[in-house]
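Subject: Structure for you to look at

Hello,

Here is the structure I said I would pass on. Please open it beside this email and follow along as you read.

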Amino acid sequence: MAGLVAVVGSRKLPASRAPAVADVVRSLLQRDCRIGTGGALGADLFALHAVVASGAAACAGSVVFLPGDISQAPARCRPVLHTFVSQGGEVVPGQAVRGCSRHQYLSALFARTIALVKRAEGVVAFIAGES
C-alpha cells in the first residue's frame, strides 16, 4: 500500500469543484494511496465524501485530523465523519474543547494541520478565494 496523501483546500471551494476533488481522490485510491484530510467544509468535505463513496476499503487506512472531536466539526461534516468511522476510517481528534478561546481553537487548527502534513507523503490542495 502506498502512503497517505493529504487532500485539502479552501473551505469556500464551490460545490461545482466537488467532482474534480472526487476524481483526484479516486485516482489516488486506485494507486493504493490512502487519503488524509482536515474535516473542514469545502475541499476537505468533498474529499471525505469521495473516500466514503469508495467504500470501506478506501476508508481503512485513511485519516481525518480534527481540531477537536467529531461533535465540534461543522454540522454538515458530522454525518459523513460518522459513516467514515463506521467503515474503518480513523479520526484523530485535536485538543480544542467546547467553549475554548478563539486563540486556543486557532492553535488547535494549526496543530491539526501540522499533524496531517507530518503524516502525509504528499499534499493536494484545491484553492478558491479565501480559505
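Below are my notes on the strands, two of the helices, the cores and a few single residues.

Please keep in mind that this is a predicted model.

Strand β1

A good place to start is β1, residues 4-9. This strand is mostly covered, with six of its six residues buried. Its side chains go two ways: L4, A6 and V8 point to one side of β1, while V5, V7 and G9 point to the other, and all are buried.

β1 has a partner in β2 (34-37), and the two strands pair in the parallel sense over three bridges. Within this pairing, A6 stands opposite G36 of β2, and V5 has I35 of β2 as its bridge partner. β1 also runs parallel to β5 (residues 122-126), to which five bridges join it. There, V5 has G122 of β5 as its bridge partner.

Between β1 and β2 the chain makes a connection you can trace by eye: β1, α1 and β2 form a right-handed β-α-β unit.

Strand β2

β2 is covered on both faces: R34 and G36 are buried on one side, I35 and T37 on the other. β2 is also joined to β3 by two bridges, and these two strands run parallel. G36 has V63 of β3 as its bridge partner.

T37 is a residue of strand β2. Is T37 buried or exposed? Its relative accessibility is 2%, so T37 counts as buried; the cut-off is under 20%. Leaving aside neighbours within four places in sequence, T37 is in contact with V7, V8, D44, V63, V64, F65 and L116.

The segment before β1

G3 lies in the segment before β1. With 14% relative accessibility, G3 counts as buried, because the cut-off is under 20%. Not counting residues up to four places away in sequence, G3 touches C33, R34 and E121. G3 and L28 are 25 residues apart in sequence, and their C-alpha atoms are 9.9 Å apart in space.

The cores

How many residues does the largest nonpolar core have? This core has 30 residues, and V7, V21, V25 and L81 are those with the most contacts inside it. At least two residues each come from β1 (4-9), α1 (18-30), α2 (43-53), α3 (56-59) and α4 (78-86). α2 gives the most to this core, namely eight residues. Apart from this core lies another, of seven residues, including L4, A6, V63 and F65. As background, nonpolar side chains in soluble globular proteins tend to be buried together.

L81 is worth clicking on. Not counting residues up to four places away in sequence, L81 touches L48, V64, L66, I70, A73 and V91.

Helix α2

Nine of the eleven residues of α2 are buried, so this helix is largely enclosed by the rest of the structure. The buried residues of α2 are A43, D44, L45, F46, A47, L48, A50, V51 and V52. Just after α2 comes G55, which takes a positive phi of about 100°.

Helix α5

α5 covers residues 102-119, and its length can be checked with simple arithmetic. At 1.5 Å a residue, the 18 residues of α5 should span 26 Å, and the end C-alpha atoms are 26 Å apart, which agrees. (The expected span is 1.5 Å times one less than the number of residues.)

Which residues of α5 are buried? They are A108, L109, R112 and L116. These residues cover an arc of only 100° around the axis, so they are on the same side of α5. What covers the buried residues of α5 includes β1, β2 (34-37) and β3 (63-65). The face of α5 turned away from its buried side carries the exposed residues H103, F110 and K118.

When you go through the model, β1 and α5 make a useful pair to compare: β1 has buried residues pointing both ways, whereas α5 has a buried side and a face turned away from it that carries exposed residues.

Regards

Definitions and conventions:
Residues are numbered from 1 along each chain as its sequence is written. This is a predicted model: local features need pLDDT of at least 70, side-chain atom pairs count only at pLDDT 80 or more; totals for chains, interfaces and linings use all residues. Side-chain values use heavy atoms; hydrogens and water are left out. A nonpolar core is a set of buried Ala, Val, Leu, Ile, Met, Phe, Trp, Tyr and Cys residues joined through side-chain atoms within 4.5 Å. Buried means under 20% relative accessible area, exposed over 50%, partly exposed in between (1.4 Å probe, protein chains only). Helices (H or I, at least four residues) and strands (E, at least two) are DSSP runs, numbered from the N terminus. Contact means heavy atoms within 4.5 Å. The arc is that of the directions from the helix axis to the C-beta atoms. Two strands pair if DSSP finds at least two bridges between them. A crossover is right-handed if, with the strands pointing away from the viewer, the path from the first strand over the helix to the second runs clockwise.
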